[in-house]
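Work through the exercises below with the sequence and the coordinates at hand, and compare each step with the solution that follows.

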Amino acid sequence: MTDPGPVSYLKGLDYSVVQQCMHCGLCLPTCPTYDATKVERHSPRGRISLMRAIADDRLEAGRVFADEMYFCLGCLACMTACPAGVNYAELFENARAEVEARNLLSSPKRKVIRAFAIRWLFMDLDRLKLLGRVMRLYQQLGLQALLRGSGALKLLPKRLRELEAMTPEIQSGFTEDLVSPLTPARGRRRFRVAMLAGCAQDLIFSDTNRDTVEVLAHNGCEVFTPANQFCCGSLHAHNGELELARDLARKMIRQFPPAQFDAIITNAGGCGSHLKHYRKLLADDPAMRAEAELWDRKVKDIHEWLAEIGVRPPSNSQPAQVVTYHESCHLAHGQKITAQPRQVLKLIPNLKVVELPESNWCCGSAGIYNLVQPEMAGALLDRKLAHIRATGANIVATGNPGCLLQLINGAKQQGWKLRVAHPISLLAEAYRAEG
């Protein structure tokens, strides 16, 4: 028998998804990679044309196609602009799965990195926390500062020096150290919710998780935050590992049975966009399909949930501050949540909100894009920081850990003492000021 070869994800898609693009070009001005290059294949329209050609058997998937799919940020700005409602998120994930199934970018180095990070480290967050503890010890003992001050890093290749400079500061405690498994509502309990701690979020911004739980409690929510949570699978789905993403989706649903909660809360824009599509991801799993559908209805971004239930405004005035708001791509374009974070910020006494030019333009983080496409990511970061400077704000708020870290690192590189914070952390501080 003839070997049928690797599975084709694009040919297996519902063809209505593949052919929906009408080539109008309204997405082009919103695409950061097309804006920077003016090359058609670097646009959503060009990429969809490549995907459709493969689905139609008019083109064999090759290296050019693979490089193009990983040059795409996956920011989904094209979905906001598209009048035809093209589901670019689904196309994008299946195109990258096609690349991985066919090993189009395979190399020994890449295989090792993906096997370690995607297939091992993020499949069990105990492993990630172990790495986090090692990094935390390295930082707290002063070894990182010693190494940086010694000049030894100058011996490394330029790219390794750049990556070392991006090393995040690991929090002194993870979410399970800062938050009880069950946090009671303050006052009358109105809702019972589950809180998702995330993976990178748990290591780098566990204080944001604590702030989120506090804000929920202040607004009448009993909050369930178990230890030993799983990665939501967003990293895997966005990097061509759909089967691993399905495995993690099943684990998440089993750990947080959606029927037991009024809402399942996420405070990470990129994760939330993925978490709300478990029904589609598990459509071919009859044992999980019904629960996945209920799960999608119960998952709420924290800003979205607060807007639904009504937020209690903080009562005490604080020192005057000026904040601007950068929109996480997947929060704005993936989840269509744009007004709610601004509403949260405007509730905080003495906090002036200044609108950010190009607020929904990608900052260059885009998951792991800043690691694999540093030149484009760096250009986008510089553009974003220039707009933030122009506002005169001393704080920039954003609702995604990748964006938070990207902006923190960018400001540090420029020697700029800019505070970068999650909107919910600013609200939590205002509640604490009440005493």
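**Exercise 1.** Leaving aside its neighbours within four places in sequence, find the residues with which M166 is in contact, and decide whether M166 is buried or exposed.

*Solution.* With contact taken as heavy atoms within 4.5 Å, M166 touches N370, L371 and N409 once its neighbours within four places in sequence are left aside. The model is a predicted one, in which local features need pLDDT of at least 70, side-chain atom pairs count only at pLDDT 80 or more, and totals for chains, interfaces and linings use all residues. Residues are numbered from 1 along each chain as its sequence is written, and side-chain values use heavy atoms, with hydrogens and water left out. As the next step, locate M166 in the loop between α11 (158-165) and α12 (175-178), where helices are DSSP runs (H or I, at least four residues) numbered from the N terminus. Because its relative accessibility is 15%, M166 counts as buried (under 20% relative accessible area, with exposed over 50% and partly exposed in between; 1.4 Å probe, protein chains only). Finally, M166 and G364 lie 198 residues apart in sequence and 13 Å apart in space, C-alpha to C-alpha.

**Exercise 2.** Assign L143 to its helix and to an accessibility class.

*Solution.* L143 belongs to helix α10, which covers residues 143-150. Since its relative accessibility is 40%, L143 counts as partly exposed.

Methods: Helices (H or I, at least four residues) and strands (E, at least two) are DSSP runs, numbered from the N terminus.
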